[in-house]
There are 2 protein chains.
Amino acid sequence: MTNIVSGNSLAEVAALIGDPARANILQALADGRALTAGELAWHAGVSAQTTSGHLAKLTEARFIALEKQGRHHYFRLASPEIATAMEALMIVAANGPRRYRPTGPKDQAMRTARTCYDHLAGWLAVTLADRLSARQFIVLSDGAAAVTEEGHRFFRDFGLNLDEPKNTRPLCRTCLDWSERRSHLAGRLGAGLCQRCLDLGWIKRGRDSRAVTFTPQGVEGFRDTFGITLP
Amino acid sequence: MTNIVSGNSLAEVAALIGDPARANILQALADGRALTAGELAWHAGVSAQTTSGHLAKLTEARFIALEKQGRHHYFRLASPEIATAMEALMIVAANGPRRYRPTGPKDQAMRTARTCYDHLAGWLAVTLADRLSARQFIVLSDGAAAVTEEGHRFFRDFGLNLDEPKNTRPLCRTCLDWSERRSHLAGRLGAGLCQRCLDLGWIKRGRDSRAVTFTPQGVEGFRDTFGITLP
DNA sequence: TGAATGCTTCGGCCGCGGCCGAAGCATTGG
DNA sequence: CCAATGCTTCGGCCGCGGCCGAAGCATTCA
């Protein structure tokens, strides 16, 4: 064996995600929100005891972080890297052999717009990246992304402060979308756009899904500000 | 359960990587070369029969592709997406709790320079990205990357044809390095650089490891062409 | 303080899946 | 055509790990 260390840790990390209950837990947390152990048990589809064991394993591996509030235990993803890894696995899953794939309304909503850790994904996010690129606010060159001068102005006017948590995270990076198979915006810009749209009341997070829904103001706002007509 | 489909496929994909034997197989293939079933059995550390079963599963999931040559069955990674997903998992593994991590010479060689699917990774690759960026041949802006005009000239002079398989792959994208925790170059540029260095005889692939070694010409070449002094 | 709620720990069951020996195909070479 | 090599299929063993019931803490509220 050439490299026992990395071999083992790769398998360990993947195995941790590879259990259906744990995968459900991680996906429930994929939008960046914190959920209680009970809520996660419901998402996982197993009992509270079993969930507790899974949560302990995920916590010990630092996939998720625990914050206690009274008798509630809130769990959230511990780092963007976990979300990135999950997204990378989803892309592999989407590339796999064709399989039974029920396309219900829930699934359709997910494909239209959803949150991905802290930014937007799905049709909306891909279209958004297109429009911003067409208007020269960002430059998407071969999978890479950068904000232009005009872009900085535009985003400032839109109410984003992109300078805030400087150097802690890339400003703007692309993230391959598993449903659209094209790039959308992540990084500080992606997160900021998502948060601003939530603050403006343009979109609302689903109750128990990563899918987001549009408010009437959102339909108007996306049309007027970004030139996007919702389907 | 909100989304049975994606939940299941995430778990399935991760579980497939999550077995130690299969993880070893995938890592053995991570440098993009094709290996026979027998060689992979050796890497996996299990018998030929068991390996055969693993290979069948990985093939059916389209993680790897089979090419028959006489009585030899050659397997290779089926797509860059698999390699990307593995790399993303390695990053999570590196971020995990500190653990016993033997740093032998093999490991040291891996950290200095190794192949990652079809491009270079490790200290060499990260330093290379730095130098190219400092000389304005590429622009690394916040995790994104683009080739400049001068860069195109420089790479052409170096013997790279970056126009060849156009539109099939991003020209230049960054890839987070698990050992250095910084970005190196992937995409067509990263693959081209790696291939060119191999063609020039600057580096050689290890026999049974992803680590690469430097030839005397390589030491000279990296110094004269890129201004990199090898450690 | 006692009951209710939320979560975890313990103990034991059980089934999935990895493992190998033996046997069965395919290809090559003498 | 037979032996050797490389790989796969079959069958059966076995252990790891996920699962739940019951019980045990911790916190909140009446």
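Reader: Before we start, what counts as near a strand here?
Author: This is a predicted model, so everything below is computed from it. A residue is called near a strand when one of its heavy atoms falls within a cut-off of 4 Å.

Reader: OK, so within 4 Å of the protein, what share of the DNA strand C atoms belongs to sugar or phosphate?
Author: The atoms of DNA strand C within 4 Å of the protein split between sugar or phosphate and bases. The bases take what is left over once sugar and phosphate are counted, and that sugar or phosphate share is 68%.

Reader: Which element gives the most to the surface near DNA strand C?
Author: Chain A supplies at least two residues from each of α3 (37-44), α4 (48-60) and β3 (72-77), and α4 (48-60) of chain B does so too. Among the 20 residues around the strand, B:Gln49, B:Thr50, B:His54 and B:Lys57 are some of those that come nearest, along with A:Gly38. With four residues, the top contributor is α4(B).

Reader: How far is the backbone N or O atom of A:Gly38 from a phosphate oxygen of DNA strand C?
Author: Side chains also reach phosphate oxygens of this strand: a polar side-chain atom of A:Ser52 sits 3.0 Å from one, and B:Ser47 has a polar side-chain atom at 3.0 Å from one. For A:Gly38, a backbone N or O atom is involved, and the distance is 3.0 Å.

Reader: Over on DNA strand D, which residue has a side-chain N or O atom 2.7 Å from a phosphate oxygen?
Author: Of the 21 residues around DNA strand D, those that come nearest include A:Gln49, A:Thr50, A:Lys57 and B:Ser52. Sugar and phosphate make up 68% of the strand D atoms within 4 Å of the protein. The residue with the 2.7 Å phosphate contact is A:His54.

Reader: And which residue has a side-chain N or O atom 3.2 Å from a base oxygen of DNA strand D?
Author: B:His73 places a side-chain N or O atom 3.3 Å from a sugar or linking oxygen of that strand. The base oxygen, at 3.2 Å, pairs with the side chain of B:Arg71.

Reader: How many charged residues does the surface near DNA strand D have?
Author: By class, that surface holds five nonpolar and 11 polar residues. The charged ones number five.

Reader: Away from the DNA, is A:Thr127 buried or exposed?
Author: A:Thr127 is in helix α7 (residues 123-134) of chain A, and a polar atom of its side chain lies 2.8 Å from the backbone oxygen of A:Trp123. Its relative accessible area is 9%, and the cut-off is under 20%, so A:Thr127 is buried.

Notes
Residues are numbered from 1 along each chain as its sequence is written. Chains are lettered from A and ligands numbered from 1 in the order in which they are written. This is a predicted model: local features need pLDDT of at least 70, side-chain atom pairs count only at pLDDT 80 or more; totals for chains, interfaces and linings use all residues. Side-chain values use heavy atoms; hydrogens and water are left out. A polar contact is a pair of N or O atoms within 3.5 Å; within protein, one must be able to donate a hydrogen and the other to accept it, and residues adjacent in sequence count only if both atoms are side-chain atoms. Buried means under 20% relative accessible area, exposed over 50%, partly exposed in between (1.4 Å probe, protein chains only). Ala, Val, Leu, Ile, Met, Phe, Trp, Tyr, Cys and Pro count as nonpolar, Asp, Glu, Lys and Arg as charged, and the others, Gly among them, as polar.
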